[in-house]
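Hi,

Here is the structure I said I would pass on to you. Have a look at it first, and then read my notes underneath.

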Amino acid sequence: MICSIIPPYMLRRLAAQHEPRLRVIARAAKESLLHIKNLQAVRALPVPVPVPTARQAKPGPPKRTIYDAGSAEALPGKLVRKEKGPATGDAAADEAYDGLGETHALYAEAFSRNSIDGAGLKLDATVHYGELYDNAFWNGSQMVFGDGDGEIFQRFTKSLSVIGHELAHGVTQYTAALAYRNQAGALNESMSDVFGSLVEQYAKKQSAAEASWLIGEGLFTDAVQGAALRSMKAPGTAYDDDVLGKDPQPDSMDKYVRTTADNGGVHINSGIPNRAFSLVALELGGNAWEAPGQIWYNTLSSGSLPATCTFGRFAKATVASAEELFGAGSNEHDAVRKAWETVKVKL
């Protein structure tokens, strides 16, 4: 499955713009929509073999390779930087290199995970993909970044949470392998937002209270009335713009969006479990990659989640993980239960 950072509903809205001043934006959005559709039609990923946490090799150093597509759409492109190689001076290539390293560091140091697959997977990325390409995606084996259209989106390497988000799809691919549809798909997206946010917080050494809890902060140009693609702390408030419209994410099951679009609303309904995680982190205080992150990571990598996991099943699993790690009746256990009750997911 091709997992991209820009939700289809956002691209469809941009593609439908008819004003002359928005012609470039509309064309870029149409091309991005068609491209992802074509990739998904031709690419069938093999079923990943999960790597149990207890059997992982000791985390080693990252193995990064950065390529430049030169505005073409052939992967991987021209090699421009290898592990321990000097900076290129190209902002996108160097941001991608650094972002891959920050992501590797979170998993290695906070979760003792040996790269994305738990077994030392090489981290490859291609920058400058396509012309005015409005997206970044994980294709099952590597990261790909577009440069944006310059009117709505800037280059996609500018946001560390985007890099962390897309690589987290790889972690899910090798652990729970959550189906990319309906509630399981929304959980898949939420896992990427959770760990994408943690990558950024860990790199900046921010506490839960200091963090912005925004996904894709810095992607929008100054012309957009919005802070980011999504807000984990306050779903539905990330942007409110004449061109993009208003952030449609719900913050509780009362507002759950039932739709057949976007694989059953995977990018929309992810706001509900996203908020649950931020509530746990803010309730406990301190660093979100510690107790909250350990609970979510333990749940994701436990091997107990079905591919078609529902919000309720996942919520119960996080409560069980909190009890396993910290004990029944602990602050951590109570915070997890309270968070799911707040977003009205039944345990």
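Below is what I found, going from the sheet to a few single residues and then to the cavity.

One thing to keep in mind from the start: this is a predicted model.

Let's begin with the sheet. Six strands make it up, in the order 1-5-6-4-2-3, and the sheet is open with mixed pairing. At its edges stand strand 1 (3–4) and strand 3 (78–82); each has a single partner strand, so one side of each is left without a neighbour in the sheet.

Strand 4 is a good place to look more closely. This strand covers residues 123–127, and five of the five are buried, so strand 4 is largely enclosed by the rest of the structure. In a regular strand, side chains alternate between the two faces of the sheet. You can follow that here: L123, A125 and V127 point one way from strand 4, while D124 and T126 point the other way, and all are buried.

Which strands does strand 4 pair with? One partner is strand 2 (residues 64–68), which runs parallel to strand 4 and is joined to it by five bridges. If you want to find the pairing on screen, R64 has L123 as its bridge partner in strand 4, and I66 has A125. Another partner is strand 6 (residues 143–145), again in the parallel sense, this time over two bridges. There, T126 has V144 as its bridge partner.

Next, three residues that I looked at one by one.

S231 sits in strand 8 (residues 230–231). Is S231 buried or exposed? Its relative accessibility is 5%, and since the cut-off for buried is under 20%, S231 counts as buried. A polar atom of the S231 side chain lies 3.0 Å from the backbone nitrogen of A234. Setting aside neighbours within four places in sequence, S231 is in contact with W213, L214, T237, A238 and Q249. Hold on to W213 and L214, as both turn up again in the cavity lining.

P250 is in the loop between strand 10 (245–246) and helix 6 (262–265). P250 has a relative accessible area of 2% and is buried. Not counting residues up to four places away in sequence, P250 touches P235, K255, Y256, V257, I268, N269, G271 and I272. For a sense of distance, the C-alpha atoms of P250 and N298 are separated by 26 Å, with the two residues 48 apart along the chain.

S207 belongs to the loop between helix 5 and strand 7 (214–215). At 16% relative accessibility, S207 also counts as buried. Apart from neighbours within four places in sequence, its contacts are Q201, G286 and N287.

Finally, the cavity. How many cavities of 30 Å³ or more does the structure hold? There is one, and the space in the largest cavity is about 30 Å³. What lines the largest cavity? The residues are S197, E200, Q201, Q206, A211, S212, W213 and L214. Helix 5 (residues 182–204) gives the largest share of that lining, with three residues. Sorted by class, the lining has three nonpolar, four polar and one charged residues. Q201 links back to the loop as well, being one of the residues in contact with S207.

Cheers

How values were computed. Residues are numbered from 1 along each chain as its sequence is written. This is a predicted model: local features need pLDDT of at least 70, side-chain atom pairs count only at pLDDT 80 or more; totals for chains, interfaces and linings use all residues. Side-chain values use heavy atoms; hydrogens and water are left out. On a 1 Å grid over the protein atoms alone, a cavity is a set of points where a 1.4 Å probe fits but cannot get out, and a pocket is an open set with protein on both sides within 12 Å along at least five of seven lines; lining residues have an atom within 4 Å of a point. Grid points are joined across faces, edges and corners, and a volume is the space filled by probe spheres set on the points. Helices (H or I, at least four residues) and strands (E, at least two) are DSSP runs, numbered from the N terminus. Ala, Val, Leu, Ile, Met, Phe, Trp, Tyr, Cys and Pro count as nonpolar, Asp, Glu, Lys and Arg as charged, and the others, Gly among them, as polar. Buried means under 20% relative accessible area, exposed over 50%, partly exposed in between (1.4 Å probe, protein chains only). A polar contact is a pair of N or O atoms within 3.5 Å; within protein, one must be able to donate a hydrogen and the other to accept it, and residues adjacent in sequence count only if both atoms are side-chain atoms. Contact means heavy atoms within 4.5 Å. Two strands pair if DSSP finds at least two bridges between them.
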